[in-house]
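This report walks through a protein chain, moving from its charged surface pairs to its nonpolar interior. Please keep the sequence and the structure at hand while reading.

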Amino acid sequence: MARYDRVIKGNTGNDLATNTSGAAWLVMIVLLLFVVTAAGLLLFFNVGGMRDVVVGLLFPSKAASNQQLEESLKLQQLKAIEDEKNRLKDFENQLNALKSQLEGKQQELEQREAELKQKEKEVEELQQKLSAQFEDIKGIAKVYKNMEAEQAASILSEMEDSSLVIQILKNMPEEKSAEILGAMDSKKAAELTGQMAGQ
């Protein structure tokens, strides 16, 4: 029986050694798989530019080609930015030109508006002046209307401004102006009547 115990004990020692070395191999395989997976993920996601470094080490010509491609892309981007800046500068120049044209037109409009206001003021003053003259003529016509026809005819015949005489006669009733014209010298009356008809 002692022999049997030794055989069992001997087998147990061998099994333990076998189990320990198998576990070590298993741990090593798991660690190796972990390292390979981690490296693969780092390369796949290009963490810290690791993929570029590995590609540069393994394929130097491809890395140089990638670097040239990146530089070319950067140059294209810089050229596109420069082109956009130039386009914006041209646009700004066009806007400035339009702005100066608008300012010129605005000044021209303001000047014309000032001229128009001046003309309106002149017309208003002229209307007031004409209105005052018209009132004066109506007043004078009233005075002559109340005179005897012969006396009014004699005074009006002596006036040199025939347009004033016509205005006075036109502001009287027709019967009174006809009496005054009848009392005037026929030549003067004909002249005044012709001018009245011409107006």
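## Terms and model

A helix here is a DSSP run of type H or I that holds at least four residues, and helices are numbered from the N terminus. The model is a predicted one, and the description below should be read with that in mind.

## Salt bridges along helix α3

How many salt bridges does the count come to? The count comes to five, and three of these are described here, each joining two residues of helix α3. The side chains of K89 and E92 meet in one of them, with an N to O distance of 4.0 Å, which lies at the limit of the rule, since a side-chain nitrogen of Lys or Arg has to be within 4 Å of a carboxyl oxygen. Because K89 and E92 are three residues apart in helix α3, about one helical turn separates them. K89 counts as partly exposed because its relative accessibility is 46%, and E92 is likewise partly exposed, at 39%.

A second pair is formed by E108 and R112, whose closest N and O atoms are 3.1 Å apart. These two residues, E108 and R112, are four residues apart in helix α3, and are therefore separated by about one helical turn. E108 is partly exposed at 35% relative accessibility, whereas R112 reaches 53% and so counts as exposed. In the third pair, the side chains of E113 and K117 meet at 3.9 Å, N to O, and E113 and K117 are again four residues apart in helix α3, so that about one helical turn lies between them. E113 is partly exposed, with a relative accessible area of 46%, while K117 is exposed, with 52%. As a general rule, an α-helix has 3.6 residues a turn, so residues three or four places apart point the same way.

## From α3 into α4

E148 lies in the loop between α3 and α4, and with a relative accessible area of 55% E148 is exposed. Although E148 and K176 are 28 residues apart in sequence, their C-alpha atoms are 9.5 Å apart in space.

In α4, the buried residues are A149, A152, A153 and L156. Viewed down the axis of α4, these buried residues fall within an arc of 100°, so they line one face of the helix. E150 and E158, on the other side of α4, are exposed.

## The nonpolar core

The largest nonpolar core has 17 residues, and the members that touch the most other members are L156, I168, L169, I180, M184 and L192. The elements that give two or more residues to this core are α3 (60-146), α4 (149-158), α5, α6 (174-183) and α7 (186-198). In general, nonpolar side chains tend to be buried together in soluble globular proteins.

Which residues does M184 touch, leaving aside those up to four places away in sequence? With that exclusion, M184 touches A153, L156, S157, A189 and L192; of these, A153 and L156 are among the buried residues of α4, while A189 and L192 are among the buried residues of α7.

## Helix α5 and S162

The buried residues of α5 are S162, V165, I166, I168 and L169. Seen down the axis of α5, they fall within an arc of 160°, so they line one face of the helix.

S162 lies in helix α5, which covers residues 162-170, and S162 has a relative accessible area of 15%, which means that it is buried. Not counting residues up to four places away in sequence, S162 touches L192 and Q195. With Q195 there is also a polar contact, made between the side chains of S162 and Q195 at 3.0 Å.

## Helix α7

At 1.5 Å a residue, the 13 residues of α7 should span 18 Å, and the end C-alpha atoms of α7 are 18 Å apart, so the expected and computed spans agree. The buried residues of α7 are K188, A189 and L192. They fall within an arc of 95° when seen down the axis of α7, so they line one face of the helix.

These buried residues of α7 pack against α4, α5 and α6. On the other side of α7, the residues S186, K187, A197 and G198 are exposed.

How values were computed. Residues numbered from 1 in each chain as written. Predicted model: local features only at pLDDT ≥ 70, side-chain atom pairs only at ≥ 80, totals over all residues. Heavy atoms only, no water. Buried < 20%, exposed > 50% of the residue type's maximum accessible area, 1.4 Å probe, protein only. Polar contact = N/O pair within 3.5 Å; in protein donor to acceptor, adjacent residues only side chain to side chain. Contact = heavy atoms within 4.5 Å. Core = buried A, V, L, I, M, F, W, Y, C linked by side-chain atoms within 4.5 Å. Expected span 1.5 Å × (residues − 1). Arc of directions from axis to C-beta.
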